[in-house]
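Here is a short tour to read with the structure open beside you. We begin with the chain as a whole and then visit a few residues.

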Amino acid sequence: MAHPADPATTRAPAAGTTEKPSDSYVQSFARGLSVIRAFDAAHPAQTLTEIAQASGLTRAGARRILLTLVGLGYVQNDGRLFRLTPKILDLGFAYLTSMPFWNLAEPVMEALSQSVHESCSISVLDGTEIVYVLRVPARKIMTINLSIGSRLPAYCSSMGRVLLSGLDDAELDRVLQASDLQPRTRRTVTDIDQLKRLVADIRSRGWAQNDQELEEGLVSLAAPIRSRTGQVIAALNISGQANRTSAQEMVDRFLPPLLEAAGKISAMVSLRT
């Protein structure tokens, strides 16, 4: 099942066309990032013309950036086609290695996954989306392939709503207004006022449940990971299949171990932050 907002089908924004008035804004660097973002799962190898169009740059500008990236080893050129190299992973994993407590969280996640026999993940909020930073898959339960770096909309995912619950009301309203509130399934809540009520409930009870709003047949629970000051900095979830475990069964069986695991990870985070 493909959705308009799936990360595999969404092209990179034309960041290269955005002009910033600040003197501290390095436009050439921004253009370089727009070229990198032009590559995705649906477009792993592209011509110079395609990359220029996707990044909003001229052919000459895109060519200079591509040749620089080739020289640095982040892009390879095979005839007319350009593609990213594995070295590009260094940029993403720099984020993970800058926060070493995620390495400590992984054993807790593995134990949780083994105890409930379901997949579990950790994500952080980035704008209107969540980004997966750790994942322990038990089995394939989604048509979307999820891995570290995968993105999903925050408004209709359990981890996303937990992360939204950590925002103040003004920031929550800004994020929801900026979100592309599309019905991913017939159950998806897209009304902003209703979403605000759901987030308020999650804020008060300390966990979120998603019953087939992101994808038909997918149910999940999520709990916050907090810093020493109590700020929500990440979310931990358990995902399952509705035909095997109902939403209520997930709450009854999986919520206690999920909250315990989230508490353990939060305690480790508190020692490192």
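## Contacts along the chain

Among contacts in the chain with a separation of 6 or more, 59% are between residues 24 or more positions apart. Please keep in mind as you look around that this is a predicted model.

## The chain as a whole

If you trace the secondary structure, you will find nine helices and nine strands. The chain has 273 residues, and 46% of them count as buried.

What does the outside look like in terms of atoms? The accessible surface comes to about 13700 Å², and carbon and sulfur atoms contribute 53% of that area.

## Cysteines

How many disulfides does the structure hold? The count is zero.

Two cysteines are worth a visit here. Cys120 has a relative accessibility of 0%, so it counts as buried, the cut-off being under 20%. Cys156 also counts as buried, because its relative accessibility is 0%.

## A stop at Ala267

Now scroll to helix H9, which covers residues 247-272; Ala267 has its place there. Is Ala267 buried, partly exposed or exposed? Its relative accessibility is 43%, and since partly exposed lies between the 20% and 50% limits, Ala267 counts as partly exposed.

Ala267 can also be paired with Ile225. These two residues are 42 residues apart in sequence, while their C-alpha atoms are 8.9 Å apart in space. To see this for yourself, select Ala267 and Ile225 together and draw the C-alpha to C-alpha distance.

Key
Residues numbered from 1 in each chain as written. Predicted model: local features only at pLDDT ≥ 70, side-chain atom pairs only at ≥ 80, totals over all residues. Heavy atoms only, no water. Helix = DSSP H or I, 4+ residues; strand = E, 2+ residues; numbered from the N terminus. Buried < 20%, exposed > 50% of the residue type's maximum accessible area, 1.4 Å probe, protein only. Contact = heavy atoms within 4.5 Å. Areas by Shrake-Rupley, 256 points an atom, 1.4 Å probe, with all protein chains shown as cover. Disulfide = S-S within 2.5 Å.
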